[in-house]
Amino acid sequence: MKIFSFATVLAVLSFATSLAAQTPSPAAAAAYLDSRMSWWMAWPSAARDHGTFCVSCHTAAPYAMGRPALRSALEEQGPSPVERKFLDNITKRVHMWKEVAPFYPDSAKDASKTAESRGTESILNALVLTSYGTPDAGMALDNMWAEQLKTGDAKGAWAWLQFHNSPWEGDSQYYGATLAAIAVGIAPGHYRDTPEIQDGLKLLREYLVRECASQVPIDRVTLLWASAKIPGLLTPAQQKAIADEALAKQEPDGGFSLSAFVGGWTRHDKTPLETKSDGYATGLVAFALEQTGMSHDQPQLKRALAWLSQNQDKTEGRWLAYSLNKQRDLSSDAGKFMSDAATAYAVLALQGSK
């Protein structure tokens, strides 16, 4: 029988501990995402009429894409109870589209909020239900197309909620249009080829290409993702240009910082943007590159995925990201909004690498 020295045993244990620390936990990520969605659904500020709740860009939409990606790793047979409640809410609002009130109605101070709410919600509803492939996805897409702008400078896009809060509700109309393209591209069957939507899809394509150069880099990353779902939206050369632009912003540790992708955006409280790598930018960039078919052996993508593997908070299951609008307490509910989206995108990128 071979006897190992105490030092050798310690070294093996240390290596095993280090390896475990670098292996993401799908169960912890799912628990975090479910807990945050549960909190959102019960949060009084999210409550809307007819017993429904608001579908948010930061918690709900990323949840709908990231949570199902964990199904295989967790050997789940179907959506979790939290997911079912979430889907029931959206399905109810889709069926009651003409009856439910907008997320934010017009007011004397701002007469644009109803249109912005309808445009934003129609896209998010379609994105969620197409992500799950539910029978009501078609109805949600119909609602979405009915809200598309057919005239004006933003022809082809949708009215989008503007609260001057980046990255989702601050000059983010283009971001919303990319999500609409993704919803169309991932819809079941050959939906994007159906004759009934071709006029609207043409307007959307034209808008996305026409306005691309004037967008901040993070919105071009979501366009890159959309281009993988809508063949011909971008040429290979255009895809490469966006990928190269994103990869040029990689940090020495292999991650990406969202602050490098938002142009001259400044926080409302005048505090400096966080410049260290975060889960939102790293997850979204890595996932978008994967969607375009980039090999996981590509050195920079490999390093980004390694950063994600090494930076999950094992206690909470989340990946950290930081507000672009003010310095927030990351343990607060509002302070976790960026981490909600970051965790979903990290999950999508890591599951896509398997």
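**Notebook: pockets, cysteines and helix 7**

I began with the second largest pocket, whose lining has, by class, 7 nonpolar, 6 polar and 3 charged residues. The model I am reading is a predicted one, and I keep that in mind for every entry below.

**Entry on the second largest pocket.** I looked up its volume, which comes to about 250 Å³. Its lining is made of 16 residues, and those that lie nearest its centre are Gly-170, Asp-171, Gln-215, Val-216 and Asp-219. I then asked which elements give two or more residues to this lining, and found helix 7 (173-186) and helix 9 (217-229).

**Entry on the largest pocket.** For the largest pocket I noted a volume of about 480 Å³. There are 29 residues in its lining, and His-58, Asn-165, Trp-168, Glu-169 and Phe-337 are the closest to its centre. When I looked for the helices behind this lining, I found that helix 5 (113-132) and helix 13 (337-352) each supply at least two residues. I also sorted the lining of the largest pocket by class, and it divides into 17 nonpolar, 9 polar and 3 charged residues.

**Entry on helix 7.** Since helix 7 had come up in the lining of the second largest pocket, I turned to its length and surroundings. With 14 residues at 1.5 Å a residue, helix 7 should span 20 Å, and this agrees with its end C-alpha atoms, which are 20 Å apart. I next asked how many residues of helix 7 are buried; the count is 12 of its 14, so the helix is mostly covered. Among the buried residues of helix 7 are Tyr-174, Tyr-175, Leu-179, Ile-182 and Val-184, and Gly-176 and Gly-185 also belong to the buried set. As for what covers them, the buried residues of helix 7 pack against helix 5, helix 6 (137-147), helix 8 (198-210), helix 9 and helix 13. Of these partners, helix 5 and helix 13 are the ones I had already noted in the lining of the largest pocket, while helix 9 I had noted in that of the second largest pocket.

**Entry on the cysteines.** I searched the whole structure for disulfides and found 0. Why does Cys-54 make no bond with Cys-57? The closest cysteine sulfur to that of Cys-54 is the one in Cys-57, and at 8.0 Å it is too far for a bond, because a disulfide needs the two sulfur atoms within 2.5 Å. I also checked accessibility: Cys-54 counts as buried because its relative accessibility is 7%, under the 20% cut-off. Cys-212 is buried as well, with a relative accessible area of 14%.

Terms used: Residues are numbered from 1 along each chain as its sequence is written. This is a predicted model: local features need pLDDT of at least 70, side-chain atom pairs count only at pLDDT 80 or more; totals for chains, interfaces and linings use all residues. Side-chain values use heavy atoms; hydrogens and water are left out. On a 1 Å grid over the protein atoms alone, a cavity is a set of points where a 1.4 Å probe fits but cannot get out, and a pocket is an open set with protein on both sides within 12 Å along at least five of seven lines; lining residues have an atom within 4 Å of a point. Grid points are joined across faces, edges and corners, and a volume is the space filled by probe spheres set on the points. Helices (H or I, at least four residues) and strands (E, at least two) are DSSP runs, numbered from the N terminus. Ala, Val, Leu, Ile, Met, Phe, Trp, Tyr, Cys and Pro count as nonpolar, Asp, Glu, Lys and Arg as charged, and the others, Gly among them, as polar. Buried means under 20% relative accessible area, exposed over 50%, partly exposed in between (1.4 Å probe, protein chains only). The expected span of a helix is 1.5 Å times one less than its number of residues. Contact means heavy atoms within 4.5 Å.
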